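This report is meant to be read alongside the sequence and the coordinates. It takes up the fold, then the confidence of the prediction, then one loop residue.

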Amino acid sequence: AGSEYQIGGCVGAFDRQCAQCSTCQEGLAVVTPCSATKDTVCSPCSECAAGHYESSPCSTASDRVCSACTSCSSTEWATAPCSTQADTDCAPCPVPASSFPSCDASSSLNVTSEDMVQLAGCAVQNAQCKGHAARLLEALEE
């Protein structure tokens with residue numbers, strides 16, 4: 001493909017007729033590039049479906065690429081949810097009891113709000129912290 005395409009063949013003593021290849025405007029992406037016999041075909045940039053984010057932006061040379069949102073594992077929590085512009089941001093859960101200032105069933109609710117969010121977003125697997133996690137979740141719902 002070049003910068004021109006043929007729009008008419010040779011007629012008698014006249015050479016073939018050519019035209020300049022079109023370029024896609026902003027907001028449009030190339031569907032079919034210009035060839036020797038056909039002009040560029042452009043189409044509006046696609047949108048990402050629900051549950052997907054833009055992993056590569058739309059440009060005049062190529063359409064938007066969307067990827068499925070990541071689901072955090074059972075040992076992670078979502079520090080930022082998936083959006084149309086960015087994937088889910090997952091961070092490791094602070095599972096060990098030593099990660100919290102107070103993590104026994106008899107203690108009062110004595111953790112920072114960041115710890116509360118982290119613990120609430122995680123499947124706490126440390127048996128010593130399960131009761132504490134239930135109290136944290138109740139506190140967050142209030």
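In this predicted model, the protein contains two helices and eight strands, and along the sequence these elements follow the pattern β-β-β-β-β-β-β-β-α-α. Of its 142 residues, 25% count as buried, while the protein exposes about 9000 Å², of which carbon and sulfur atoms supply 52%. Among contacts between residues at least 6 apart in sequence, 32% join residues at least 24 apart.

Confidence should be weighed before any detail is used. The protein averages a pLDDT of 75, and 64% of the residues score at least 70. Among the elements, strand 6 (residues 65–68) has the highest mean pLDDT, at 96, whereas helix 1 (residues 113–120) has the lowest, at 54. Two stretches in which the pLDDT is below 50 are set out here, together with the contacts that each has in the model beyond near neighbours in sequence.

| Stretch | pLDDT | Contacts beyond near neighbours in sequence |
|---|---|---|
| Residues 100–111 | below 50 | 32 contacts |
| Residues 123–130 | below 50 | 17 contacts |

Where pLDDT is low, the predicted coordinates should not be read in detail.

A single residue can be described more closely. Glu26 lies in the loop between strand 2 (17–20) and strand 3 (28–32), and because its relative accessibility is 80%, which is over 50%, Glu26 counts as exposed. Although Glu26 and Cys58 are 32 residues apart along the chain, their C-alpha atoms are separated by 8.9 Å in the model.

Note on methods
Residues are numbered from 1 along each chain as its sequence is written. This is a predicted model: local features need pLDDT of at least 70, side-chain atom pairs count only at pLDDT 80 or more; totals for chains, interfaces and linings use all residues. Side-chain values use heavy atoms; hydrogens and water are left out. pLDDT is the predictor's confidence in each residue, from 0 to 100. Helices (H or I, at least four residues) and strands (E, at least two) are DSSP runs, numbered from the N terminus. Contact means heavy atoms within 4.5 Å. Buried means under 20% relative accessible area, exposed over 50%, partly exposed in between (1.4 Å probe, protein chains only). Accessible areas come from the Shrake-Rupley method with a 1.4 Å probe; for residues, only the protein chains shown count as cover.
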